[in-house]
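Here are a few exercises to help you find your way around a new structure. Take a look at it, try each task yourself, then read through the solution.

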Amino acid sequence: MSFSQRHYDYIIGGAGLSGLSLCWHIATHPGLQDKTIALIESPDDEQNAQSKTWCFWSKDGLPEPVPIRHSWHKLEIFAGHTALTAPLEKMGYYCVQGGDYFARMSKKLSEFEAVDVIRGSIKGYGETARGVKIDVGGKSFSASCFFKSFGKPDLSRARFKLLQHFKGIEIETKKAVFDPLTARMMDFRVPQQDGATFVYVLPFSENKALIEYTLFSPSVLAEAAYDTAIADYITRYFGIEPGSYHITRSETGVIPMADSIHQATQGARVQLIGTASGIPKASTGYAFSRIHRQARQIADALSAAEVPRRKADSSARFRIYDLMLLDILSRDLGQIVPVFEALFANNPIERVLRFIDEQTTFTEDLQVMASVPWYPFLRAGFRNADMLLKGGVNPRTISSRG
Ligand SMILES: Cc1cc2nc3c(=O)[nH]c(=O)nc-3n(C[C@H](O)[C@H](O)[C@H](O)COP(=O)(O)OP(=O)(O)OC[C@H]3O[C@@H](n4cnc5c(N)ncnc54)[C@H](O)[C@@H]3O)c2cc1C
């Protein structure tokens, strides 16, 4: 059999975060040691996929083998009249550079005989009697199961379709202006007319930081609008003019935020993973921890010889909270800063982080809910009563759940 016709147990399309993570979890799973895997990455897109900076928080250590660029144990929040610096006692707030992750994982995966990393763009695929046939620009491969991590999630039936969109620049300043021990998680002291808008500052040293201008809104801005907003912010809050810092890197992103539970399968043997499967948290766009969790669940299901059926990414109560926040973001924008202000001012920071990560108990959820203005949520509840009664699921998406 020639290499170009080789059959694998699993083919993973795309070596971004979800593809690499799934490949790692399958390759290292004790129950899957006899399985062969091909990880196929497009040379056209990999640069873009690797230029990302991911942040996440954790109290249980790191999803191995993640290379950490920097970690912080204090977070700053500015919202309305609230300005707070909160120490993290049980958690760390971590930053991973996409390129470092790709390099580390590629090296580790190359040590597994069962894994082939193939450079090539997947042009098409189709199910056959034996599995799935995959066309990689003239070469073809087949697999018993294909995991696809590229392409856009299907949001066609979502009630709320927002985007988390942002531009970040990494700068080096002559003056020491940053505190490398404290990450600025959300700073709402910026104009709010284009959508819920905040700035995010990750200082790596006293004169080096990533500054990201982020919006939750239905559409992206012109590139120059992000640039102007970031420059204004740096001048206003760090006292430095554009000529006195050097931009070393930039990144942009658009992450879908929608209420629908997206289709997880595209046929009996084709599974979507990562952003393509709609994994980002509906109300915040956070995906890093969820992608690792999804990879672990799929590997466990494969090892149990189950078809890895997609479970709902969020439980009913978190779907309902997300739904209400999406509604407020879409229809009651003026309430967003007061809601975030109350959330951070009235709760310990680690409770908020666990709430965003969907790790709180129901009692803690009640504490969180009691801490924020209730009227925008009541209004949102009335407007979406049909979905509340269905556990936060949009009736239009039920037939497409995988
Ligand atoms: C700039 C940016 C910053 C982010 N920061 C955070 C963060 O701080 N925290 C957080 O929780 N989430 C964050 N996210 C959201 C999410 O974690 C990332 O988008 C994450 O990279 C998604 O991983 P993925 O595998 O789903 O997609 P990707 O990483 O985009 O991977 C898809 C892969 O498929 C490849 N590919 C595309 N087409 C083909 C083809 N035809 N054939 C083969 N391969 C193909 C691409 O090259 C790519 O490597 C961020 C997103 C962006 C865009």
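**Exercise 1: a residue at the surface**

Leu378 is partly exposed, with a relative accessible area of 43%. Keep in mind that you're looking at a predicted model.

Task: work out where Leu378 sits and which nonpolar patch includes it.

Solution. Start with the secondary structure: Leu378 belongs to helix α10, which covers residues 375-383. Next, check the exposure. The value of 43% counts as partly exposed because that class lies between buried, under 20%, and exposed, over 50%. Finally, look at the company Leu378 keeps: together with Trp374, Tyr375 and Phe382 it makes up a nonpolar surface patch, and the four share about 510 Å² of accessible area.

**Exercise 2: a sheet and its edges**

Task: find the strand order of the open three-stranded sheet, and explain why one side of β3 and of β4 has no neighbour in the sheet.

Solution. Step one is the order, which reads β3-β7-β4, with antiparallel pairing. Step two: β3 (53-58) and β4 (70-72) are the edge strands with a single partner each, so one side of each stays without a neighbour in the sheet. Step three is the twist: on average, neighbouring strands here are turned by 25° against each other, ignoring direction.

Now zoom in on one pair. β4 and β7 (residues 92-97) are joined over three bridges in the antiparallel sense, and His70 stands opposite Cys95 of β7.

**Exercise 3: helices on the sheet**

Task: which strands does helix α3 touch, and which does helix α5 lie across?

Solution. Helix α3 (residues 98-110) packs on the sheet and touches β3 and β7, its direction making about 75° with that of β7. Helix α5 (residues 288-303) lies across β3 and β7, and runs at about 75° to β3.

How values were computed: Residues numbered from 1 in each chain as written. Predicted model: local features only at pLDDT ≥ 70, side-chain atom pairs only at ≥ 80, totals over all residues. Heavy atoms only, no water. Patch = residues over 30% accessible without salt bridge, like charges linked within 9 Å, V, L, I, M, F, W, Y side chains within 5 Å. Areas by Shrake-Rupley, 256 points an atom, 1.4 Å probe, with all protein chains shown as cover. Salt bridge = Lys/Arg side-chain N within 4 Å of Asp/Glu carboxyl O. Helix = DSSP H or I, 4+ residues; strand = E, 2+ residues; numbered from the N terminus. Buried < 20%, exposed > 50% of the residue type's maximum accessible area, 1.4 Å probe, protein only. Pairing = 2+ DSSP bridges. Axes fitted to C-alpha atoms, helices over the stretch in contact; angles between N-to-C directions. Contact = heavy atoms within 4.5 Å.
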